[in-house]
Amino acid sequence: SHAAVVARGMGKCAVVGCTALEISHHGRSLKVGDIVVHEGEFITLDGATGRVFLGDLPMVPSEVMRVNNGTLNANAAPVYRAFSRLMTWADGERRLKVRANADTPRDARVARNFGAEGIGLCRTEHMFFEGDRITAMREMIVARDEGGRRRALEKLLPMQRSDFEGIFEAMDGFPVTIRLLDPPLHEFLPHDGKESVILAKTLGIARTELTRIVSALRESNPMLGHRGCRLGIVYPEITEMQARAIFEAAVRVSRRGIEVHPEIMVPLVADASEFRHQRAIIERAADAVMGVMGERVPYLIGTMIELPRAALTADEIAETAEFFSFGTNDLTQTTFGLSRDDSGRFLPHYLEKGLLADDPFQVLDRRGVGKLITWAVRDGCATRPTLKVGICGEHGGDPQSVAFCHDVGLDYVS
Ligand code: PEP
Ligand code: MG
């Protein structure tokens, strides 16, 4: 369900939730009306309109892309020059800073080339899916006790650290907001029999034991379940490992003469006490790492505001949080009580019938969600006038929503 979000970060085109397509996994084909497309045949996607075309359409990267990646000279690119002039005018007027959501060093470099002034959201969970990382992650999840979890986390630490080093390098001089682990753990576990057999073998446990653990992790409402900071509260060693990886990377990179500004972000906080709990772990990790390495780097610890209760108690949360980042994907989901993964089935009817002017996951709902943001900014800044406030939900890429972010006084959009 994060496909659309991740694809955007990678600069890839994606169309998701396209109910017109009937996909047959068994037949390795897809069908739309009478048209059948088999595995291996070409289709072409337009991620902007959501249209899917038959065949391999000829395409060319935009002039802006080609100048940015060095394959075209700006002098020979009139569209690029017009774009660039417009952006210079905008830079002269704007107050909002612009960051990017990026999870890998490569995405961070792409973002920087496009002018991003930092990373507003690095979703650390995406780092756990590649290569043998997923095996170590799964080992951590199915571990029987804290000792087992710590052993698996030790394997993950150097992998996280090297990604953070790459991201800090790409963002030299700019802030990087890194979010601690957020999704429910069962998202990382194998979902089919074949993968389970391999995993059970790799981990040296019985297949039946693995099946028992996987089913024990299943939740009725995973988006409201054991995720976000609730993971780090039940398993503090996860927060500890991630904080250590961030600080070790920051010090190493800083020794190479690169300016680092890590901002560690705690997800899905509903109460100030949760934030204080996580903050204490992060600070302990910072002191331990910087003590041993003999060098200090500046850092901030803050939280996402993505639950209505967090917005309503922003004054208390700001007593210990140095920044707020509005996670408007979840904030929209929880304010409307609307599952973002399932809304595609009924929301189009609301738009057709004129009950809603826009899809609230695309255009920020000013009257409801916007009111919570307005109150949270007001109350948070009343407690802590230096509070940094930004947005990292997908609305940060929507023009009408960006106008709202400006009006409400955010410092940046990501
Ligand atoms: C959000 O909820 O707005 C957010 C950025 O987090 P995610 O989309 O990863 O849940
Ligand atoms: Mg979220």
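## Exercises on two enclosed spaces and one ligand

The largest cavity has a lining of 14 residues, and those nearest its centre are Arg123, Arg179, Glu306, Asn329 and Asp330; here a cavity is a set of points, on a 1 Å grid over the protein atoms alone, where a 1.4 Å probe fits but cannot get out, and lining residues have an atom within 4 Å of a point. This is a predicted model, in which local features need pLDDT of at least 70 and side-chain atom pairs count only at pLDDT 80 or more, while totals for chains, interfaces and linings use all residues. Residues are numbered from 1 along each chain as its sequence is written, ligands are numbered from 1 in the order in which they are written, and side-chain values use heavy atoms, with hydrogens and water left out.

**Exercise 1.** Describe the largest cavity by its volume and by the classes of its lining residues.

Begin with the volume, the space filled by probe spheres set on the grid points, which is about 80 Å³ for the largest cavity. Next, sort the lining into classes, which gives three nonpolar, four polar and seven charged residues; in this scheme Asp, Glu, Lys and Arg count as charged, and Gly is among the polar ones. Finally, look for the elements involved: E8 and H14 each supply at least two residues of this lining.

**Exercise 2.** Find what takes up the space of the largest cavity, and work out how the protein surrounds it.

The space of the largest cavity is taken by ligand 1. Around ligand 1 stand 15 residues, the closest being Arg123, Gly327, Asn329, Asp330 and Arg340, where a residue is near if one of its heavy atoms lies within 4 Å. Now turn to the polar contacts, pairs of N or O atoms within 3.5 Å. A polar side-chain atom of Arg179 is 2.9 Å from an oxygen atom of ligand 1, a backbone N or O atom of Asn329 is 2.7 Å from an oxygen atom of the ligand, and for a polar side-chain atom of Arg340 the distance to a ligand oxygen is 2.7 Å. Taken alone, ligand 1 exposes 290 Å², of which the protein buries 99%, by the Shrake-Rupley method with a 1.4 Å probe. Strand E8 (119-123) and helix H14 (328-336) are the elements that give two or more residues to the shell, and H14 gives the most, with three.

**Exercise 3.** Characterise the second largest cavity by its volume, its lining and the classes of its residues.

The search of the whole structure finds two cavities of 30 Å³ or more, and the second largest holds about 50 Å³ of space. Its lining includes Leu180, Leu181, Cys229, Ile238 and Gln278, and helix H9 (229-234) and helix H10 (236-255) each supply at least two of the lining residues. By class, this lining has six nonpolar, five polar and no charged residues.

**Exercise 4.** Locate Leu268 along the chain and state the sign of its phi.

Leu268 is found in the loop between strand E10 (261-266) and helix H11 (272-293). Although Leu268 is not a glycine, its phi is positive, at about 50°. Most residues other than glycine have a negative phi.

How values were computed
A polar contact is a pair of N or O atoms within 3.5 Å; within protein, one must be able to donate a hydrogen and the other to accept it, and residues adjacent in sequence count only if both atoms are side-chain atoms. On a 1 Å grid over the protein atoms alone, a cavity is a set of points where a 1.4 Å probe fits but cannot get out, and a pocket is an open set with protein on both sides within 12 Å along at least five of seven lines; lining residues have an atom within 4 Å of a point. A molecule sits in a cavity or pocket if more than half of its atoms lie within 2 Å of its grid points. Helices (H or I, at least four residues) and strands (E, at least two) are DSSP runs, numbered from the N terminus.
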